[in-house]
Amino acid sequence: MARPTGRAPRFFAPSLAGGLIELPDFEAHHALKVLRLGVGDRVELFDGVGGLIEATLETAGRNQVICREQAVLETAGGGGGSGGSLPGVVVAAAIPKGDAAAQMVDMLSQVGAALWLPMLTERSVALARGEKKLQKFERIAIESAKQSGRLHLMRIGEVTRFEQVLKHPTDVR
């Protein structure tokens, strides 16, 4: 069942290579259960590094979605579109407590930050403990990129001490 015309829903796929692209589990769930997409529906897929394709749902199974590439809209490193090749902004900031951390990741991604370095300072209160917390931040960055139309994902760095941030190989200002 084809959706009405308009902008197609956008999904993240780590690789756009090959003609048939399988969506990650969390994106397949969103396509099937939330948006109720079906075979033949048109979607956009982006890879987080500047690539964007138009595709149609080829297979929509229980928790699996496979899309067939229809057209390349942007190529990685192409510099066009809303994912452009702007200078990369690196933000080093202490991790806020509670929901403020998720909101900060969302806002940094929407304004175009390339990298967030969660910073550990002498007076840090909140810590990003474990892989699960970092995965949550990465998912928020993906959702934010989809919402704002960005083609490049904001990377989430390792928790870094203030002293190490000053040694980071970027032009820190």
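**Talking through a predicted model**

Modeller: The protein has 4 helices and 9 strands, and keep in mind that this is a predicted model.

Biologist: In what order do the elements run from the N terminus on?

Modeller: They go β-β-α-β-β-β-β-α-β-α-β-β-α.

Biologist: Why is Asp41 called buried?

Modeller: Its relative accessible area is 2%, and buried means under 20%. Since 2% falls under that cut-off, Asp41 counts as buried.

Biologist: Where is the place of Asp41?

Modeller: Asp41 sits in the loop between α1 (25–34) and β3 (42–46).

Biologist: What makes the pair of Asp41 and Gly38 a polar contact?

Modeller: The side chain of Asp41 reaches the backbone nitrogen of Gly38 at 2.7 Å. A polar contact needs N or O atoms within 3.5 Å, one able to donate a hydrogen and the other to accept it. So the 2.7 Å distance fits within the cut-off.

Biologist: And beyond Asp41, how much of the protein is buried?

Modeller: Buried residues are 39% of the 173 residues. As for the surface, the protein exposes about 10,100 Å², with 52% of it supplied by carbon and sulfur atoms.

Biologist: How do you know how confident the predictor is?

Modeller: pLDDT gives its confidence in each residue, from 0 to 100. The protein averages 84, and 84% of the residues score at least 70.

Biologist: Over which residues does pLDDT stay under 50?

Modeller: That's residues 79–85, for which the model has 9 contacts beyond four places in sequence. Where pLDDT is low, the predicted coordinates shouldn't be read in detail.

Terms used: Residues are numbered from 1 along each chain as its sequence is written. This is a predicted model: local features need pLDDT of at least 70, side-chain atom pairs count only at pLDDT 80 or more; totals for chains, interfaces and linings use all residues. Side-chain values use heavy atoms; hydrogens and water are left out. Helices (H or I, at least four residues) and strands (E, at least two) are DSSP runs, numbered from the N terminus. Buried means under 20% relative accessible area, exposed over 50%, partly exposed in between (1.4 Å probe, protein chains only). Accessible areas come from the Shrake-Rupley method with a 1.4 Å probe; for residues, only the protein chains shown count as cover. Contact means heavy atoms within 4.5 Å.
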